[in-house]
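The paragraphs below lead through a two-chain complex, beginning with one helix pair and working outward to the contact between the chains, the core, and a few single residues. Please keep the sequence and the structure open while reading.

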Amino acid sequence: MIAMVEDALLAAIAVSCWIGCIGMLRMRDPNQALHYLSFPAAVAAVLLPFAFLCLSGWSLATLKATLIALFLLASNAVVTHATARAFRVRAIGHWEPRKGDAVEFVREKRPQ
Amino acid sequence: MNGWLMAAYAVGACLAPCAFVCLHGRPEWRLVGFEMSGAIVAVLLSLLVGGTSRLVFMDLPLTLAILNLGGGLVFARFLEKHL
């Protein structure tokens, strides 16, 4: 039973990494592709400690896998925000919204 | 070959699309590919550690996960102003 759970976790880790890569390739814009970083950094990294728990029980490796998951979760959020900010500054020269900036999403009026 | 090594090979194959993105196109795309490859390599090293049953080497992916934050921030900062 534990071996089956372990194999399922490993398969989920591999699939989530592939979903992230394929999603990154399919996006039109780097800002959109940034969202797919969360598949390996959040989904796969969180599943990893559970796979180590099945492999070795409560061991030092499980603790380190948990630390890896925590670091990847935290750093993914920070790095993704910093990267999106860098893209914006590179494109329009500033970070804060100013008068005259192009509106990225325009809600269309409903037809009367 | 056990399940861990099979998963490691499957995850390692993800580095090919990351390399493609890193080596083509605008610098923004290259940075996204670099950050994706950093997260994937951390997972890959963990899977290799489990597959080879050398659990003492878990320090390697842990170090990479910590240093990946600094590397991503440095490249993002340089992309913002200098590249």
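In this predicted model, a convenient place to begin is the packing of two helices of chain A, where A:S38, A:A41, A:A42, A:A45, A:V46, A:L48, A:P49, A:F52, A:L53 and A:S56 of α3(A) meet A:A61, A:T62, A:A65, A:T66, A:I68, A:A69, A:L72, A:L73 and A:N76 of α4(A). By class, the residues of this contact between α3(A) and α4(A) comprise 14 nonpolar, five polar and no charged. Two packed helices are described by the angle between their axes and the distance between the axes. For α3 (residues 38-56) and α4 (residues 60-92) of chain A, the axes come within 8 Å and cross at roughly 170°. Since angles over 145 degrees count as roughly antiparallel, α3(A) and α4(A) are therefore roughly antiparallel to each other.

One residue of this pair, A:A41 in helix α3 of chain A, deserves a closer look. With 32 C-beta neighbours inside 10 Å, A:A41 counts as buried. Setting aside residues up to four places away in sequence, A:A41 touches A:L72, A:L73 and A:N76 as well as B:A39 of the other chain. The C-alpha atoms of A:A41 and A:L70 are separated by 9.6 Å, although these residues lie 29 residues apart along the chain.

Chain B can be taken next, as a whole. This chain has four helices and zero strands, so that its pattern, read along the sequence, is α-α-α-α. Taken along the principal axes, the C-alpha atoms of chain B fill a box of roughly 45 × 25 × 10 Å, and 43% of the 83 residues of chain B count as buried. Among the contacts in chain B with a separation of 6 or more, residues 24 or more positions apart account for 53%. As for confidence, the mean pLDDT of chain B is 90, with 99% of its residues reaching 70 or more, while the predictor gives the complex an ipTM of 0.89 and a pTM of 0.87.

How many residues does each chain bring to the contact between them? The contact takes 35 residues from chain B and 43 residues from chain A. On the side of chain B that touches chain A, the elements giving two or more residues are α1 (3-13), α2 (15-23), α3 (27-52) and α4 (59-81) of chain B, and this side is made up of 26 nonpolar, five polar and four charged residues.

Within the complex, α4(A) and α4(B) form a pair whose axes come within 9 Å and cross at roughly 5°. Because angles under 35 degrees count as roughly parallel, α4(A) and α4(B) are therefore roughly parallel to each other. The residues of the contact of α4(A) with α4(B) divide into 17 nonpolar, four polar and four charged. In helix α4 of chain B lies B:E80, which touches A:A86, A:V89 and A:R90 when residues up to four places away in sequence are not counted. With 17 other C-beta atoms within 10 Å, B:E80 is partly exposed, and its C-alpha atom is separated by 9.8 Å from that of B:E28, a residue 52 residues apart from B:E80 along the chain.

In soluble globular proteins, nonpolar side chains tend to be buried together. Here the largest nonpolar core has 55 residues, and those with the most contacts inside it are A:I13, A:C17, A:L48, B:V11, B:I40 and B:V43. Elements giving two or more residues to this core are α1 (2-26), α2 (30-34), α3 and α4 of chain A together with α1, α2, α3 and α4 of chain B, and the largest share, 13 residues, comes from α3(B). B:V11 shows how contacts reach across the chains: leaving aside neighbours within four places in sequence, this residue is in contact with A:I13, A:A14 and A:C17, and also with B:I40, B:V43, B:L44 and B:L47.

Two further residues of chain B complete the picture. B:A10, in helix α1 of chain B, is partly exposed, with 18 other C-beta atoms within 10 Å, and B:A10 and B:L47, 37 residues apart in sequence, are 10 Å apart in space, C-alpha to C-alpha. B:S53, in the loop between α3 and α4 of chain B, is exposed, with 11 other C-beta atoms within 10 Å, and has a positive phi of about 60° although it is not a glycine.

Note on methods: Residues are numbered from 1 along each chain as its sequence is written. Chains are lettered from A and ligands numbered from 1 in the order in which they are written. This is a predicted model: local features need pLDDT of at least 70, side-chain atom pairs count only at pLDDT 80 or more; totals for chains, interfaces and linings use all residues. Two residues are in contact if their C-beta atoms, placed from the backbone, lie within 7 Å. Ala, Val, Leu, Ile, Met, Phe, Trp, Tyr, Cys and Pro count as nonpolar, Asp, Glu, Lys and Arg as charged, and the others, Gly among them, as polar. Axes are lines fitted to C-alpha atoms, for helices over the stretch in contact, and angles run from 0 to 180 degrees between N-to-C directions. Angles under 35 degrees count as roughly parallel, over 145 as roughly antiparallel, 65 to 115 as roughly perpendicular and the rest as oblique. pLDDT is the predictor's confidence in each residue, from 0 to 100. A nonpolar core is a set of buried Ala, Val, Leu, Ile, Met, Phe, Trp, Tyr and Cys residues joined through C-beta atoms within 7 Å. A residue is buried if 20 or more other C-beta atoms lie within 10 Å of its own, exposed if 12 or fewer, and partly exposed in between; C-beta atoms are placed from the backbone.
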